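This report looks at charged side-chain pairs and at a patch on the surface. Please view the sequence and the structure together.

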Amino acid sequence: MAKDGDIENGENRGIDEMKEPLIKHEKIVTYEDDKSDESSNGGSIGMVLLSTFVAVCGSFEFGSCVGYSAPSQSGIREDLGFSLSEYSMFGSILTIGAMIGAITSGRIADYIGRKGAMRMSAAFCITGWLAVYFSKGVFSLDVGRFFTGYGIGVFSYVVPVFIAEIAPKNLRGGLTTANQLLIVIGASVAFLMGTVVTWRTLALTGLLPCIVLLVGLFFIPESPRWLAKVGRHKEFEVALQRLRGKDADVSHEAAEIQDYIEEIRHLPKARMLDLFQSKYIRSVIIGVGLMVAQQFGGINGIGFYASETFVLAGKGNDLYCIVTKETDLQVPVTILGAILMDKSGRRPLIMVSAAGTFLGCLLAGISFYLKAHEMLLDWIPILALAGVLIYIASFSIGTGPVPWVIMSEIFPINVKGVAGSLVTLVNWFGAWAVSYTFNFLMSWSSSGTFFLYSGVCAITILFVAKIVPETKGRTLEEIQASINA
């Protein structure tokens with residue numbers, strides 16, 4: 001996609017452009033530069049917050065789509081006479097649509113803009129939900145689910161990119177993490193509502209965040225960096241001024257953006273194969289590696305199996321336990337992660353998070369091992385419950401949101417779009433692979449499954465310690481220098 005003459009030169013612009021001082025030939029970033037950047041951004045963040053709110057309606061929609069299948073299973077199977085395999089296809093086709101959406105997301109966002117991509121995604125989701133609501137059989141239900149999957153596949157890329165491109169550097173990490181927070185909230189709300197309304201009514205509720213997003217897009221500016229990239233200079237200046245406040249001096253930031261745009265005009269158009277060149281491969285390894293660590297640590301499998309694990313822990317009310325997990329744990333912990341993102345830094349947060357997920361998997365694995373061998377029976381419920389809760393909390397504070405933030409920061413601007421599409425695709429493929437294989441692994445060995453996931457979590461700590469650079473508060477040049485070193 002993104003192929004318009006102007007756009008092509010830097011189709012990947014994404015989040016990195018956000019990155020404070022934009023590149024200048026042999027420009028040395030000094031303390032004075034940082035001060036100027038802060039002052040230019042110091043007018044007002046009201047429009048930034050409003051724009052972020054509108055964008056994360058797409059994240060809420062993401063969560064709604066993911067959380068829809070669990071509470072609707074019995075209703076759909078009963079009303080439409082679905083077999084287990086037919087319903088499994090309905091549930092899994094979401095990830096297939098999302099993978100296709102991920103492949104095209106970077107180019108779409110470059111070609112029609114960030115707001116245009118969000119509008120298109122919302123349209124796909126609305127079409128999908130209506131198809132689900134009016135469905136009378138397998139085909140229309142699956143088509144609707146596929147459409148919503150495609151929509152959230154694009155949302156999963158464009159929302160963090162848009163937020164990062166409009167946010168001041170001191171708020172970039174926290175605001176980008178709002179993406180993960182709203183996904184969690186959306187999934188929780190979908191589950192809760194699914195317990196009190198029919199599956200058709202629940203499908204209609206999925207329209208609401210899309211409608212709010214479509215209306216909200218009329219009141220917020222487009223990404224200034226994208227506008228500058230495509231040569232819409234007057235709109236670029238207006239958008240930047242709206243984001244920074246009418247009384248803010250944006251001349252310094254605007255000049256940096258314009259200088260940077262001139263720099264990237266000389267960069268070649270990026271293709272997927274270009275990512276495997278030596279100058280990009282380390283960034284690709286970091287981005288892909290973090291997404292592999294996030295998904296293959298077992299989050300989707302453990303999330304799906306949480307209710308049964310809580311029952312093992314002696315909790316008879318599955319609903320109570322899932323609500324506790326989702327609402328009382330994930331949401332506040334994700335908020336804490338957003339607060340810490342720009343304070344503690346990305347690396348410490350994800351390493352502590354991975355250590356917590358390792359411990360959680362280890363405890364859950366031990367509980368299943370003890371149960372299989374009928375040992376220490378009184379300890380089994382405590383270990384199982386503690387393991388799952390520790391895992392969910394640890395994942396929510398770092399391993400969940402941080403990879404998306406780092407993904408938005410590590411790629412050179414000329415490969416941003418295509419690299420972002422690749423990383424998002426890997427994430428969705430991992431989500432599908434883990435959810436598909438989880439039951440097979442549990443049939444093989446319940447304890448072994450959790451021990452396997454704990455091994456992935458342990459490797460994640462080593463991977464981050466050895467490969468992943470700290471990106472908090474750094475300019476694009478500094479991040480690239482750290483990666484290349």
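The text below covers the salt bridges and then the nonpolar surface patch.

The model is predicted. It holds 3 salt bridges, listed here with their N to O distances.

| Salt bridge | Distance (N to O) |
|---|---|
| Arginine 114 – aspartate 110 | 3.1 Å |
| Arginine 114 – glutamate 165 | 2.7 Å |
| Arginine 232 – glutamate 235 | 2.8 Å |

Asp110, Arg114 and Glu165 are linked in a network of salt bridges. Within this network, arginine 114 and aspartate 110 both belong to helix α4 (residues 84-134), where they are 4 residues apart, about one turn of the helix. Both arginine 114 and aspartate 110 are buried. Glutamate 165 lies in helix α5 (residues 138-166) and arginine 114 in helix α4, so their salt bridge ties together parts that are 51 residues apart in sequence. Arginine 114 has 0% relative accessibility and therefore counts as buried; glutamate 165, also at 0%, is buried too.

The pair of arginine 232 and glutamate 235 has partly exposed members: arginine 232 has a relative accessible area of 34%, and glutamate 235 is at 41% relative accessibility.

On the surface, Leu50, Phe53, Leu208, Ile211, Val212, Val215, Phe218 and Phe219 make a nonpolar patch of about 810 Å². Helices α3 (46-80) and α8 (207-216) each supply at least two of the patch residues. The largest share, 4 residues, comes from α8. Leucine 50 is placed in helix α3 and is partly exposed, with a relative accessible area of 37%.

Methods
Residues are numbered from 1 along each chain as its sequence is written. This is a predicted model: local features need pLDDT of at least 70, side-chain atom pairs count only at pLDDT 80 or more; totals for chains, interfaces and linings use all residues. Side-chain values use heavy atoms; hydrogens and water are left out. Patches are made of residues with over 30% relative accessible area and no salt bridge: like charges are joined within 9 Å, nonpolar side chains (Val, Leu, Ile, Met, Phe, Trp, Tyr) within 5 Å. Accessible areas come from the Shrake-Rupley method with a 1.4 Å probe; for residues, only the protein chains shown count as cover. A salt bridge is a side-chain nitrogen of Lys or Arg within 4 Å of a carboxyl oxygen of Asp or Glu. Buried means under 20% relative accessible area, exposed over 50%, partly exposed in between (1.4 Å probe, protein chains only).
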